[in-house]
Amino acid sequence: MGNYKVAMNTVITFFVAICIFGFSMNVAADSKAEGATTANPSVITQESGQHVVKFIRDRDYACTQCHKDEKDTLKGAHGDVIHAQTNRDVTCTDCHSKVGKDHRDGAPQVTKFAAAQTVAGTEKLAADPAWIAQQNETCVNCHEPKDLREVNWTHDVHALDLSCASCHTIHPADDPMKGIERKSKIKMCVDCHSDQTKAK
């Protein structure tokens, strides 16, 4: 009886090994026949012969099921950039943080971006400095303060009193601040500060 069990185990093991081998050969043949790696590759072969995995899953899928109009709005600098920390494309949650269980009830865990300043005006209302700091902290996770300072001194002056979204478009096709002329910059400063003066 013992020899019978050993023989059966050997036959079953051999049968399973043949099935796995046959299945893997079938998958390999199907991949070559259908050109699976050329139509929409998930694995790319480099010149060195090494394989590089390319992620093809849409990580923003859960967001864009409800925010349908937002899918194509992440354009320009944010749409084309590789995230410095993750080394991947920028996604919704990289900037807007987590989606909590109470997302449909005001989404308190989501970082929202809007024009805001600590001093009341007629155009931009006053907001809690902590909320402004939360928005701006998200931005400076990628945009180094040193680089911002070199681009324009106003970044230092306004960092704690004005949200980045007050001047910059977050989902930009074209950021209105890029390439803005000196005369327009001065007008913007005057308009904003005179607006704050009117509100007092």
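Biologist: Which helix holds Ile 20?
Modeller: This is a predicted model. Ile 20 has a relative accessible area of 55%, so the residue is exposed. The helix that carries Ile 20 spans residues 2–34 and is H1.

Biologist: How much accessible area does the nonpolar surface patch with Ile 20 have?
Modeller: Tyr 4, Met 8, Ile 12, Phe 15 and Val 16 join Ile 20 in that patch. Taken together, their accessible area is about 620 Å².

Biologist: Is Asn 152 buried or exposed?
Modeller: Asn 152 sits in the loop between helix H7 (145–151) and helix H8 (154–158). Buried means under 20% relative accessible area. Asn 152 has 16%, so the residue counts as buried.

Biologist: Which side chain makes a polar contact of 2.9 Å with Asn 152?
Modeller: Asn 152 lies in the loop ahead of helix H8 (154–158). The partner at 2.9 Å is Thr 154.

Biologist: Which residue forms a salt bridge with Lys 146?
Modeller: The structure holds 3 salt bridges. In this one, the closest N and O atoms are 3.3 Å apart. The two residues are 4 apart in helix H7, so about one helical turn separates them. Both are exposed. The partner of Lys 146 is Glu 150.

Biologist: How far apart are the closest N and O atoms of Arg 149 and Asp 156?
Modeller: Arg 149 is partly exposed at 42%. Asp 156 is partly exposed too, at 43%. Their salt bridge has its closest N and O atoms at 2.7 Å.

Biologist: What separates Lys 187 and Asp 191 along helix H9?
Modeller: Their side chains meet in a salt bridge of 2.7 Å, N to O. Lys 187 is exposed at 52%, while Asp 191 is partly exposed at 39%. They are 4 residues apart in helix H9, so the separation is about one helical turn.

Note on methods:
Residues are numbered from 1 along each chain as its sequence is written. This is a predicted model: local features need pLDDT of at least 70, side-chain atom pairs count only at pLDDT 80 or more; totals for chains, interfaces and linings use all residues. Side-chain values use heavy atoms; hydrogens and water are left out. Patches are made of residues with over 30% relative accessible area and no salt bridge: like charges are joined within 9 Å, nonpolar side chains (Val, Leu, Ile, Met, Phe, Trp, Tyr) within 5 Å. Accessible areas come from the Shrake-Rupley method with a 1.4 Å probe; for residues, only the protein chains shown count as cover. A salt bridge is a side-chain nitrogen of Lys or Arg within 4 Å of a carboxyl oxygen of Asp or Glu. Buried means under 20% relative accessible area, exposed over 50%, partly exposed in between (1.4 Å probe, protein chains only). A polar contact is a pair of N or O atoms within 3.5 Å; within protein, one must be able to donate a hydrogen and the other to accept it, and residues adjacent in sequence count only if both atoms are side-chain atoms.
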